[in-house]
Amino acid sequence: MLTAGIVGLPNVGKSTLFNALLKKQVADAANYPFCTIDPNIGVVEVPDERLPKLAKIVETEKIVPSAVEFCDIAGLVRGASKGEGLGNQFLSHIREVDAIIHVVRLFEDENVTHVSQKLDPKDDIETIETELILKDLETLSRQEKPNKKLSKEDDIYYDAVEILKEKLNKNIAAKEVQLSDIQKESVKKLNLLTIKPVLYVLNLSEKQLINLPEIKKLISTHFNEFQPILTLCAKLESDIVVLSPDEQKEYLQQYNLEEPGLNRLINAAYDLLGLISFLTAGKKEVRAWPIKKGTTAQNAAGVIHTDFIQHFIKAEIVPYQQFVEVGGWIHAREKGLAKMCGRDYEMQDGDVVDFKVGV
């Protein structure tokens with residue numbers, strides 16, 4: 001399972017957000033730096049409104065949503081790349097995740113200490129990103145090019161290393177460096193921190209939630225239009241997880257919100273990890289299966305059972321919307337909407353699938 005790591009400075013609301021995601025108290029959330037040391041890990045269901053509709057059509061009560069793993073990583077501070085604040089330990093935890101959820105504090109609260117004694121989102125962001133870059137430069141500096149004739153593959157690798165060194169020394173993250181596909185593949189083994197995709201989560205106060213002009217101004221000041229951003233109030237999300245869906249909806253209306261920020265965060269993390277869901281629908285259960293974008297039908301079948309890869313014959317597929325419109329498999333087949341796809345078909349999000357396997 002792919003993992004999204006929640007990072008940021010101390011006391012920005014990471015653990016409060018993590019606890020809300022898991023709907024229980026897992027991580028310590030206290031008003032002092034480093035109250036979290038060992039990472040907390042939890043698996044969270046991905047909200048998917050398609051599943052209850054499919055369940056109604058195929059007349060099953062069992063629904064199994066997809067899931068994504070979140071890891072709450074302790075707060076980083078300036079100098080983390082040199083070991084400040086147990087920095088080396090925390091940076092190693094980031095190395096193990098597949099994507100980064102960077103929580104940025106925008107809320108003002110005199111009862112919650114800010115690690116640098118002032119609220120400056122732009123400086124906070126740069127502090128974290130600088131530490132990640134410095135750690136990557138340390139990793140790259142250990143890749144010394146041997147003084148001998150190299151293979152073509154080694155030449156490609158060391159060329160990519162030199163390009164990355166040059167750009168990171170100019171404060172450019174690895175994911176923004178232009179490398180060829182072969183070069184990107186060659187440096188994958190380094191597992192660089194700044195090559196991981198990032199989603200910025202702006203943690204607001206409840207008052208800020210209803211002051212959209214102020215929030216839009218803050219976003220335009222600190223972020224460019226290409227950075228994925230999500231706004232929520234971790235405290236509010238933590239408060240409403242104990243409410244029923246109807247009570248949550250009623251409570252959120254006073255903030256002009258249609259759904260909990262956690263739902264948006266989970267779906268955004270799913271997308272950040274490069275995941276989509278294919279769906280299976282039968283009497284036994286309705287289920288969403290997570291796969292990477294670009295996965296073929298044969299490999300998708302292997303997500304259900306590894307034996308299905310070897311014994312794959314074909315996949316019968318109906319897009320979700322058509323499946324719902326006609327009312328299930330029988331009518332979809334009668335109307336010619338169910339298409340037979342071979343092993344190389346690229347799966348699409350929302351494909352309702354019946355795999356044919358020779359087992």
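Helices in these views are DSSP runs of H or I with at least four residues, strands are DSSP runs of E with at least two, and both are numbered from the N terminus. With those labels in hand, Lys-14 can be placed in helix α1. Please keep in mind that every close-up below shows a predicted model.

**Figure 1. The binding site recorded in UniProt.** An unreviewed UniProt entry puts the feature "binding site" at Asn-11, Val-12, Gly-13, Lys-14, Ser-15 and Thr-16. From this set, Val-12 belongs to the lining of the largest cavity. Two members of the set, Val-12 and Lys-14, get views of their own next.

**Figure 2. Val-12 in its loop.** Val-12 lies in the loop that runs between β1 (3-7) and α1 (14-22). Is Val-12 buried or exposed? Its relative accessibility is 2%, so Val-12 counts as buried, the cut-off for that class being under 20%. Setting aside neighbours within four places in sequence, the contacts of Val-12 are Val-103, Arg-105, Phe-107 and Asn-203.

**Figure 3. Lys-14 and the residues around it.** Lys-14 is part of helix α1. Although lysine is classed as charged, Lys-14 has a relative accessibility of 6% and therefore counts as buried. Which residues does Lys-14 touch, once those up to four places away in sequence are left out? They are Ile-6, Val-7, Gly-8 and Leu-9, then Asp-72, Ile-73, Ala-74 and Gly-75, and also Val-103. Val-103 appears among the contacts of Val-12 as well.

**Figure 4. The largest cavity.** A count of cavities of 30 Å³ or more gives 1. The largest cavity has a volume of about 40 Å³. Its lining is made up of Gly-8, Leu-9, Val-12, His-102, Val-103, Val-104, Arg-105, Asp-124, Ile-125 and Ile-128. Two or more of these residues come from each of β5 (99-105) and α4 (121-141). Which element gives the most to this lining? That is β5, with 4 residues. Sorted by class, the lining of the largest cavity has 6 nonpolar, 2 polar and 2 charged residues. Readers coming from the earlier views will recognise Val-12 and Val-103 in this lining, and Val-12 and Val-103 are also in contact.

**Figure 5. The largest pocket.** The space in the largest pocket comes to about 740 Å³. There are 28 lining residues, and those closest to the centre of the pocket are Pro-47, Pro-245, Gln-248, Pro-260 and Asn-263. At least two lining residues are supplied by each of β2 (40-45), α2 (50-58), α9 (234-240), α10 (245-253) and α11 (261-272). Helix α10 provides the largest share, 5 residues. By class, 15 residues of the lining are nonpolar, 4 are polar and 9 are charged.

**Figure 6. Glu-59, with a positive phi.** Glu-59 is not a glycine, yet its phi is positive, at about 60°. This residue sits in the loop between α2 and β3 (63-64). Glu-59 counts as exposed because its relative accessible area is 61%, and that class begins over 50%.

**Figure 7. Asn-191, with a positive phi.** Here the phi is about 50°, again positive in a residue that is not a glycine. Where does Asn-191 lie? Its place is in the loop that links α6 (181-186) and β6 (198-203). At 30% relative accessibility, Asn-191 is classed as partly exposed.

Terms used: Residues numbered from 1 in each chain as written. Predicted model: local features only at pLDDT ≥ 70, side-chain atom pairs only at ≥ 80, totals over all residues. Heavy atoms only, no water. UniProt positions renumbered as here; feature names shortened; annotations may be inferred. 1 Å grid on protein atoms, 1.4 Å probe; cavity = no way out; pocket = protein on both sides within 12 Å on 5 of 7 lines; lining within 4 Å. Buried < 20%, exposed > 50% of the residue type's maximum accessible area, 1.4 Å probe, protein only. Contact = heavy atoms within 4.5 Å. Points joined across faces, edges and corners; volume = space filled by probe spheres on them.
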